[in-house]
Amino acid sequence: MKLVYQDVPTPNINDDEVLVRVRAVGICGSDVHGMDGSTGRRLPPIIMGHEASGVIEATGKKVEGWQTGDRVTFDSTIYRQDDWYTQQGMYNLSDGRMVLGVSTPEFKKHGAFAEYVTVPQHILYRIPEGVSFTQAALVEPAAVALHAIKLSAITPDDVVVVIGAGMVGMFVIQLLKITGCKKIIAIDLEKEKLALAKNLGADACFTPDDNALNTTLLEWTGQRGADVAIEVVGVNATIQHAITLLRKGGTLTLLGNLSPQVNLPLQAVVTRQLRLQGSCAINGEYPAILDLIAKGKLNMEAILSAEAPLAEGADWFQRLYNKEKGLMKVVLHP
Ligand SMILES: [Zn+2]
C-alpha cells in the first residue's frame, strides 16, 4: 500500500455525529502491519487512524450534550446501541461493529489521520482538564490493557507475569501496579524494554531464556507458578511459555494475536485446569484511563517515542514498519 498526503473534502456529518478537528493521532501497530495488506483490514483507499483526540467543530441535528469547542477523544470501535451484546454490556463484541480507520470487505470507516474525522456521539469522551491532546490520543492502547486486566480477575495476592513488554505491555504493567497485585514479572526479548518495564513498576524482569525467571517465580509463589499470565505477543513460543509459567488453575489472558493460529498444549491446559481468557479491544475503560492520567498516575510519556506533523506520517510509518529500535509510539499532529 502506498501512503499519500493529499487534500480531501471535509466529511459530512450524520444527525447523530460530530465533526472533530483532529489534534493528535497515534500510529497503531495494526496500522503499520495493515499497511502491507497482510491483514486484509486496510483495503485502500482508506484514511487510517483510530487513536485520536481533538476538538468538536460541528454537531449533527440529534446530538445532545456536546458542543462546538469541546475537547474530546473517542472509542476506536463504533458499535450499534441496539445490539444484543451491547445491551448485555459487551459492546466490544457487538455484531457489525466498525473500527475507525479500517476497511474490510464488510465495512469502511475513514479514521483520524486527517484534519477532520466524523464520529457518532455515543463513542465520545470528554478530555479532563490538564490532560493534553497527545495524552488523550494514547488512551486507546491503555484502555486495551485495562480491559485485559479486568477480564483476568486479579486479586491483591496474585503474582502476575506479563509476556511482551511492548507498548500495550507497558500499560499492562503500570495498570497492574495501580490496581494492585503482589508481584509483577515482565518478560521480553529486549533488555532495553525490560529496563523501562522495571521503571514502570515491574518487580522483576527477564529475557525468556534467563534461568533466574523460574527460580524467582517459584520463590514468589510457594513453588506453584504464576496465578495469572497476560500474553501480549501472540505467537507459538510466547503462548507455550506462558502456559508453563502458570500454576494449576491459573489464568492465561490472551491479548496478543500476531499469529492467527498457534499450537496449544491441550493436555497441560486440561489437566492443569487452566483458564484461557481472550481479551478484545475496549469495553468502557476510557473514563478510568482519562481519570488516571488527570491524576498523574499513569505515565503516558514513557511509551511516546516521537511527535511529528501529519505531513511526515509516511516516513514514520516506514520507520515503524522497519522495526527501528527503540521506537514505540509515534503521535502525529494534523
Ligand atoms: Zn490500535
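## Strand pairing

Val160 has Ile184, a residue of strand 11, as its bridge partner. The model containing this pair is predicted. The two strands concerned, strand 10 (residues 159-163) and strand 11 (residues 183-187), run in the parallel sense and are joined over 5 bridges.

## The sheet

Strands 10 and 11 belong to an open sheet of 6 strands, ordered 12-11-10-13-14-15 and paired in parallel. At its edges are strand 12 (204-206) and strand 15 (275-278), each of which pairs on one side only. On average, and with direction ignored, neighbouring strands of the sheet are turned by 20 degrees against each other.

## Helices on the sheet

Helix 6 (residues 191-199) packs on the sheet, where strand 11 and strand 12 are the strands touched. The direction of helix 6 makes about 170 degrees with that of strand 12.

Helix 8 (residues 236-245) lies across four named strands: strand 10, strand 11, strand 13 (226-231) and strand 14. Relative to strand 14, helix 8 runs at about 145 degrees.

## A nonpolar surface patch

Leu264, Leu266, Val270 and Leu276 make a nonpolar patch of about 360 Å² on the surface. One of these residues, Leu264, sits in the loop between strand 14 (246-254) and helix 9 (266-271).

Is Leu264 buried, partly exposed or exposed? Its relative accessibility is 40%, so Leu264 counts as partly exposed; that class lies between the buried limit, under 20%, and the exposed limit, over 50%.

Methods:
Residues are numbered from 1 along each chain as its sequence is written. This is a predicted model: local features need pLDDT of at least 70, side-chain atom pairs count only at pLDDT 80 or more; totals for chains, interfaces and linings use all residues. Side-chain values use heavy atoms; hydrogens and water are left out. Patches are made of residues with over 30% relative accessible area and no salt bridge: like charges are joined within 9 Å, nonpolar side chains (Val, Leu, Ile, Met, Phe, Trp, Tyr) within 5 Å. Accessible areas come from the Shrake-Rupley method with a 1.4 Å probe; for residues, only the protein chains shown count as cover. A salt bridge is a side-chain nitrogen of Lys or Arg within 4 Å of a carboxyl oxygen of Asp or Glu. Buried means under 20% relative accessible area, exposed over 50%, partly exposed in between (1.4 Å probe, protein chains only). Two strands pair if DSSP finds at least two bridges between them. Axes are lines fitted to C-alpha atoms, for helices over the stretch in contact, and angles run from 0 to 180 degrees between N-to-C directions. Contact means heavy atoms within 4.5 Å.
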